[in-house]
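Here is my note on the structure, set out as numbered points. Please read it with the sequence and the coordinates open beside you.

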Amino acid sequence: MAITDADMDKVLSAMRVVESNNNPDAVGDGGKAIGVYQVWNIYWIDATQYSGIGGEYKDCFKSDYADKIVRSYMKRYATEKRLGREVTMEDIARIHNGGPNGYKKQSTKKYWDKVQKELR
């Protein structure tokens, strides 16, 4: 079964807790990640170039804007065509954590475990 809009909302909500305890003012990774999703500049560039959302990197401190960025990134990388199968919440979390091929990286499994715990 394909990921539903409700599933996407749930996994993104859990990711916000794992990333920043849902704090829009959060700064992490030595100043390289900002906002509720702890978005890196390179992630933001990728998402905005693909989607045409516009704005500035610092806009990721705004939760609604950051949500658009993450959803745009997922529309590019978390697709059935790209993965060769239906997309899961695990794919969403692991791609967010590890980049376009994060769903393949062993290192993103621990992140998924944290997100999964929040989902329960």
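1. The accessible surface of the protein comes to about 6800 Å², and carbon and sulfur atoms supply 47% of that area. The model is a predicted one, and the values in this note should be read with that in mind. Of the 120 residues in the protein, 42% are buried.

2. As to charge, the protein carries 20 positive and 17 negative charges, whose mean positions lie 5 Å apart.

3. The secondary structure consists of six helices and three strands, and from the N terminus on the elements follow the order α-β-β-β-α-α-α-α-α. The radius of gyration is 13 Å, close to the 14 Å that the globule rule gives for 120 residues, so the protein is as compact as a globular protein of that length. Taken along the principal axes, the box filled by the C-alpha atoms is roughly 35 × 30 × 25 Å. Among the contacts between residues at least 6 apart in sequence, 43% join residues that are at least 24 apart.

4. The three strands form an open sheet with the order S1-S2-S3 and antiparallel pairing. Strand S1 (27-28) and strand S3 (39-40) are at the edges and have a single partner strand each, so one side of each is left without a neighbour in the sheet. Between strand S2 (residues 33-34) and S3 the antiparallel pairing runs over two bridges, and here Ile34 stands opposite Val39 of S3.

5. Helix H2 (residues 41-51) deserves a separate look, since Tyr43, Trp44, Asp46, Ala47 and Thr48 are buried in this helix. Against which elements do the buried residues of H2 pack? Their packing partners are S3, helix H3 (63-77) and helix H5 (89-98). Just after H2, Gly52 adopts a positive phi of about 75°.

6. Phe61 belongs to the loop between H2 and H3. Is Phe61 buried, partly exposed or exposed? Its relative accessibility is 30%, and because buried means under 20% and exposed means over 50%, Phe61 counts as partly exposed. Leaving aside residues up to four places away in sequence, Phe61 touches Pro24, Asp25, Ala26, Val27, Ile34 and Gly35; among these, Ile34 is the residue that stands opposite Val39 in the sheet. Phe61 and Asn23 are 38 residues apart in sequence, while their C-alpha atoms are 8.9 Å apart in space.

Note on methods:
Residues numbered from 1 in each chain as written. Predicted model: local features only at pLDDT ≥ 70, side-chain atom pairs only at ≥ 80, totals over all residues. Heavy atoms only, no water. Pairing = 2+ DSSP bridges. Helix = DSSP H or I, 4+ residues; strand = E, 2+ residues; numbered from the N terminus. Rg over C-alpha atoms; globule rule 2.2 N^0.38 Å. Buried < 20%, exposed > 50% of the residue type's maximum accessible area, 1.4 Å probe, protein only. Contact = heavy atoms within 4.5 Å. Areas by Shrake-Rupley, 256 points an atom, 1.4 Å probe, with all protein chains shown as cover. Lys, Arg positive; Asp, Glu negative; His and termini not counted. Charge placed at Lys NZ, Arg CZ, Asp CG, Glu CD.
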